[in-house]
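Got the viewer open? Let's take a walk through this one together, one selection at a time.

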Amino acid sequence: MSKAGIIRAVAFFGILGLLPLGVKPQWVINLLIFTLMYATLASSWNLIGGYAGYPSLGHAAFFGFGAYFIGIIFENNVGNGYNPFLILPLVGLCAGLISIPIGYIAMKTRKDVFAIVTITLLFMVQTLAYNLRAVTGGAQGKGVAVPPFAPATFGRPFYYVMLILLLTAMGISFYFRRSKIGLSLAAVRADEDKAHGVGIQVTAVKIIAFAISVGIAAMVGGVWGYYEGFIYPQFAVDPLITIGMVLMTFLGGRATLWGPVLGAFILVPAQQYFSYEFGATQFYLLAYAAIFLIIMLVLPRGILPTLTDRIRLKAKIAAEAAK
Amino acid sequence: MHLVIQALILGSLTGGVYALMASGQTLIFGIMKVINLAQGAFVIVASYFTFSLFQMTGLDPFLLIVITTPIMFILGAATQWFLLRPLRPDDAAELSLLVTFAVALGLEGALSIVYKTTLRSIMPGYENHSWTIWGYQVNEVRFYAFLLSIAMLVILYVLLQKTKFGRSVRATVQNPMAAQLLGVNSKAVSAFGFGLGVSTTAAAGAVFGLITPFNPGSHYDLISRLLTIVVLGGMGAIGGSVIAALMMGVGAALVSALASPIWADFTFFIVLLLVLLLRPRGLFGAKVRGAL
Amino acid sequence: MSALLEVNGLTKRFGGITAVNNCSFEVQEGSITALIGPNGSGKTTAFNIITGYLKADSGSITFQGKQIAEPNPATLYRSGLSRTFQQARIFPEISVLENLIVASGYSWKGLFGARTTKADRVRAGEMLEEFKLSALADFYASELSYGQRKLLEFASVLMSSPKLVLLDEPTAGVNPVMIETMERHIRARHAAGVTFLIVEHDMQLVMRLCDPVIVLDHGAMIAKGTPSEVQSNSQVLDAYLGS
C-alpha cells in the first residue's frame with residue numbers, strides 16, 4: 001500500500017470513527033448509517049459487477065435474505081442488543097453458500113444471461129417474501145425485537161457495525177486488487193475465452209467474487225432489518241436497492257477501490273435531500289432513473305477513472321514535451 | 001383430471017399473450033443483442049394508455065390497439081435512439097442492460113405519479129364472460145387475446161419475411177457488418193427494430209389490462225417471466241420464444257392449479273436454472289436459430 | 001522422434017458445412033510443423049478443436065501419448081499446450097508485465113497470494129528481456145502497437161513453459177521487421193526445445209522456418225512433406241489455384 005493510500009484510508013476511517021462522538025442529531029446519524037450502508041453495498045457489488053464485469057441485478061435478493069434471517073431469529077428477543085451483530089458472519093456465510101450453485105449456473109454462459117438470472121432471482125425472492133406468510137409475515141411485515149440501547153445514542157451501535165462492514169468490504173476490495181484473484185478477474189473481464197486459454201481458474205474466481213459479494217450484501221441487509229425494526233417485503237427485496245448500488249458504483253467508478261464509496265457519499269445525501277424536498281417516493285423513482293441515465297450517457301466510466309485518465313494523459317503530454 | 005385440462009386451456013391462452021410480449025423482446029435481442037429489461041414496463045404503460053383511452057372514448061379495448069400500437073412504436077424507437085444508440089460500443093452490451101432497467105424504473109415512477117399505485121382494471125363489461133364447452137370454462141377475453149396474439153405474430157412474421165425492412169432486419173441479425181456494407185442503414189434498423197419490438201406491447205398491454213388488475217409495479221411480475229421465456233426459447237429465435245411461452249403458460253397454470261399460485265414464479269426460476277444447466281443455448285436455440 | 005500431438009479422424013460440421021473432414025495428422029516432437037491451406041480449409045477450426053475451444057463431432061486428440069477425452073483450454077494450457085490467436089488477444093487493461101504473470105499458470109495457493117510476487121517479476125522480467133519489451137513493462141497492454149501485441153501474446157503463452165505452441169498466423173498484419181523478429185523468437189525457443197505448430201500465410205516464412213509442412217484443403221490433409229516436396233505437389237497447387 002502506498003503511503004498516500006494509507007494516509008487516505010486512516011483519515012477516512014478515523015474521521016468516520018470519531019464522527020458519532022461529536023455529532024448529536026439523530027437525523028445526521030441516520031443519514032450517515034444509510035450512507036455507510038450504501039457505500040458497503042456498492043463496494044460489495046463492485047467485486048462482481050466491477051472487477052469481474054458481471055452485472056448482478058439480484059443483490060437486493062440477498063440483502064432481503066439477510067434482513068429476514070435476522071428478523072426471524074430475533075423476532076422476540078435480542079438479549080443485550082448485540083447478539084444479532086454476532087450472527088452476521090453466519091448470515092453472510094449462508095448467503096454465500098446459497099449463491100454458489102446459482103452463480104455457477106448463471107455465469108456458465110454469458111454476461112447477459114447472468115443479469116437475467118439475477119434479476120429473476122430478485123423478483124422470485126420478492127414473491128416469496130410476500131407469500132410465505134408463516135415465515136416472513138407477508139405484506140404485513142415482520143417485526144424485530146427492539147434492542148435495549150439508550151435512546152440518545154440508539155443509532156451508534158448500528159453506525160459502528162456498518163462502518164466495520166464497510167471496512168470489511170473495502171478491505172476485501174483492496175485484497176482483490178493486490179492478489180492474483182484481482183489480476184485473474186481483470187483478465188476475465190477483458191476476455192474470458194482468452195483467460196481460459198492461459199490457464200486461469202475462471203469459474204472459481206467468478207464464483208469467489210460472487211459469493212463474497214452477496215455475502216456482504218446479506219450482512220448489510222441483516223443490520224438494516226435490525227435497525228429498521230420492521231421488515232416489509234417491498235423494502236427488503238427492493239429493485240431500488242439493487243439499482244442504488246449499481247448507480248453508485250458507476251458514478252464513482254467501476255473496478256476502483258474508492259469509486260463505489262465516493263458514489264455513495266454523493267448520492268445518498270442527495271437522495272435524502274430530494275426526498276425531503278419533494279416528499280413523494282414516486283418522484284424519487286423517476287429522479288433515480290433520470291440520474292442513472294444521465295450518468296450512463298455522460299460519464300459511463302465514472303468519476304475516478306475519468307480523473308485518473310486525465311492525469312495520466314497530462315503526465316504523458318508533459319513527458320512528451322520534456323523530450 | 002378436470003383440473004388439469006382446465007389448467008391446460010387457461011395456460012395455453014395465457015401463454016399466447018406471453019408469446020406476444022416475448023416475441024417483441026426476442027426481436028429486440030435478435031437485432032441488437034440488447035436485453036430489454038423495460039419490456040414489462042412498456043406492457044404496463046400500454047395497459048394504462050388503453051385504460052385511459054377506454055375511459056375517455058368508451059371504445060372497445062381491442063379496437064384501441066390501433067391507436068396505442070403507433071404510440072408504443074414511437075416510445076420504443078425514441079428509447080433506442082436517445083438512450084441506447086449513444087452508448088460506447090465497447091461496453092454497450094453491459095450498459096444497455098442497466099439503461100433499460102433504469103428506463104423500467106423511470107416508467108414505473110412516471111406511472112405512479114400520474115395514476116398513483118392503486119390497482120386498475122380495464123372493464124368493458126364482458127371481461128368476466130366465459131363459454132362453457134364440455135364442462136370447461138373458456139374465458140372470452142383470454143380467447144380473443146389468444147387470437148389477437150396469433151394475428152399479431154402472423155403480422156410480425158410477414159413483416160420480417162416479406163418486406164424490405166424485414167430483409168434488412170434479418171440481414172442485420174445475421175451479420176451486422178455485412179448488412180452495413182450492403183447499404184443497410186443499421187442505425188435506422190436498430191431504432192425501427194426496437195420500436196417494432198416495443199410496439200408488440202400495445203396489444204399485449206391491452207390484453208394484460210383486461211385479464212389482470214395492474215399497477216405501476218406490475219412489470220416486475222412480467223419481466224422475470226418474459227426473460228425466462230426468452231432464454232428458454234434460445235435467445236433471438238422468435239419461433240422458439242413462442243413455443244417457450246406456451247410451455248411456460250401451461251406449466252405455470254398447472255403449478256397454480258395443482259400446488260399454489262405462489263410456486264408458479266418459483267417454477268419459472270427453477271426451469272430457467274435447469275435449462276441453463278442442461279441446455280445453455282435454450283431448448284430451441286440450435287434448431288430455430290436463423291429461422292427467425 | 002515421436003509424435004507429441006496426434007490428431008485422428010477429426011470432423012466438425014457447422015450446419016451443412018463440413019469445416020474439418022476426417023482430418024488426421026501428427027506433430028513430431030522437436031519440429032516446427034506448418035499447417036497451411038487456402039482460406040476456409042479448416043486450419044483455425046482445427047486449432048480451436050485441438051485447444052479445446054470447440055467440440056469436435058468425432059475424432060480424437062492425443063497429446064504426449066495421452067488421449068484427451070474432453071479438451072479444455074485451461075487444462076491443456078497447464079499441461080503444456082499453448083496457443084496464440086490470429087487477432088493477438090491480450091488483456092488491454094492490465095500492464096504488459098501483468099499480462100505475462102497472469103498467464104504463468106499459478107496454483108490455487110498462488111491465486112490467493114500477491115498480485116505480483118518477486119519471483120513473478122523476475123520470471124516475467126526475463127521473458128520481457130528476451131522479447132525486448134522490458135521498457136514497456138509498466139505500460140497498459142492497450143498502449144502497445146499491433147506488432148508488439150503479437151509479441152506480447154507469444155511471450156505470455158510461453159510463461160507456462162509449454163512443450164507445444166500453436167501459433168495462429170503469427171505474422172499476419174505486422175511489418176517486415178516484426179516478421180523477422182517473430183521468426184528469430186520462434187527459432188530461439190525451438191532451439192530451447194519447444195515444438196511448434198504454425199498456421200501461416202506468409203509462404204516465404206513457412207519455407208524458411210518449417211519442416212514438415214502439412215497442407216489442408218476442405219478440412220482434410222492432402223499433403224505432407226518437406227517444404228520443397230509440398231511446393232512441387234500438384235494436388236497442393238490445385239488446391240491453391242482453386243481448380
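## Starting in a sheet

Select C:Val7 and look across to β2(C), where its bridge partner is C:Phe25. Before going further, keep in mind that this is a predicted model.

Now widen the selection to the two strands around that pair. Strand β1 of chain C covers residues 3-14, and it runs antiparallel to β2(C), with 8 bridges between them. Add the rest of the sheet and you have 4 strands in the order β2-β1-β4-β5 of chain C, an open arrangement with antiparallel pairing. Which strands sit at the edges? They are β2 (17-28) and β5 (66-67) of chain C, each of which pairs on one side only. As background, strands of a sheet pair through backbone hydrogen bonds, either parallel or antiparallel.

## Around chain C

Colour chain C by domain next. Domain 1 takes in 3-88 + 162-241, while domain 2 is 91-143. Taken over C-alpha atoms, the centres of these two domains of chain C are 27 Å apart.

There are three backbone spots to zoom in on here. Begin with C:Lys132, in the loop between α5 (118-130) and α6 (146-157) of chain C. Its phi is near 55 degrees, which is a positive value in a residue other than glycine. Is C:Lys132 buried or exposed? It is exposed, because just 12 other C-beta atoms lie within 10 Å, and 12 or fewer is the cut-off for that label.

Jump to C:Glu169, in the loop between β7 (164-168) and α7 (176-191) of chain C. Here too phi is positive in a residue other than glycine, near 50 degrees. C:Glu169 counts as buried because it has 20 C-beta neighbours inside 10 Å.

For the third spot, select C:Asp211 and C:Pro212: the peptide bond joining them is cis, with omega about 0 degrees. You'll find C:Pro212 in the loop between α8 (203-209) and β9 (213-217) of chain C.

## From chain C to chain A

Show chain A alongside chain C. In this contact, 20 residues of chain A meet 27 residues of chain C. On the chain A side, α8 (180-190) and α9 (192-197) each supply at least two residues. The biggest contributor on that side is α8(A), with 8 residues. Colour the chain A side by class and you get 8 nonpolar, 7 polar and 5 charged residues.

## From chain A to chain B

Hide chain C for a moment and bring in chain B. Of the 2 pairs of chains in contact, A and B share the most contacts. How many residues does each chain put in? Chain B gives 37 and chain A gives 35. From chain B, α4 (92-115), α9 (219-232) and α11 (262-278) each supply at least two residues to the side touching chain A. The top contributor there is α4(B), with 16 residues. By class, this side of chain B divides into 27 nonpolar, 5 polar and 5 charged residues.

Stay on α4(B) and look along it. The helix has 24 residues and spans 33 Å from first C-alpha to last, close to the 34 Å expected at 1.5 Å a residue. It is mostly covered, with 17 of its 24 residues buried. Just past the end of α4(B), B:Lys116 takes a positive phi of about 60 degrees.

Bring chain C back and check it against chain B. These two chains do not touch, and their nearest C-alpha atoms are 10 Å apart.

## Into the core

Now select the largest nonpolar core, which has 276 residues. Those with the most contacts inside it are A:Met162, A:Ala209, A:Val220, A:Val223, B:Val231 and C:Val215. Helix α10 of chain A (residues 202-228) supplies the largest share, 18 residues. From chain C, domain 1 and domain 2 each put in at least three residues.

Zoom in on A:Val223. Not counting residues up to four places away in sequence, it touches A:Phe158, A:Val161, A:Met162 and A:Leu165.

## Last stop: a loop in chain A

Finish at A:Arg301, in the loop between α14 (281-298) and α15 (303-322) of chain A. A:Arg301 counts as partly exposed because it has 19 C-beta neighbours inside 10 Å, whereas 20 or more would make a residue buried. Leaving aside neighbours within four places in sequence, A:Arg301 is in contact with A:Gly253 and A:Thr306. Also pick out A:Phe250: it is 51 residues from A:Arg301 in sequence, but the two are 6.7 Å apart in space, C-alpha to C-alpha.

Conventions. Residues are numbered from 1 along each chain as its sequence is written. Chains are lettered from A and ligands numbered from 1 in the order in which they are written. This is a predicted model: local features need pLDDT of at least 70, side-chain atom pairs count only at pLDDT 80 or more; totals for chains, interfaces and linings use all residues. Two residues are in contact if their C-beta atoms, placed from the backbone, lie within 7 Å. Ala, Val, Leu, Ile, Met, Phe, Trp, Tyr, Cys and Pro count as nonpolar, Asp, Glu, Lys and Arg as charged, and the others, Gly among them, as polar. A nonpolar core is a set of buried Ala, Val, Leu, Ile, Met, Phe, Trp, Tyr and Cys residues joined through C-beta atoms within 7 Å. Domain bounds come from an automatic or database domain assignment. The expected span of a helix is 1.5 Å times one less than its number of residues. Two strands pair if DSSP finds at least two bridges between them.
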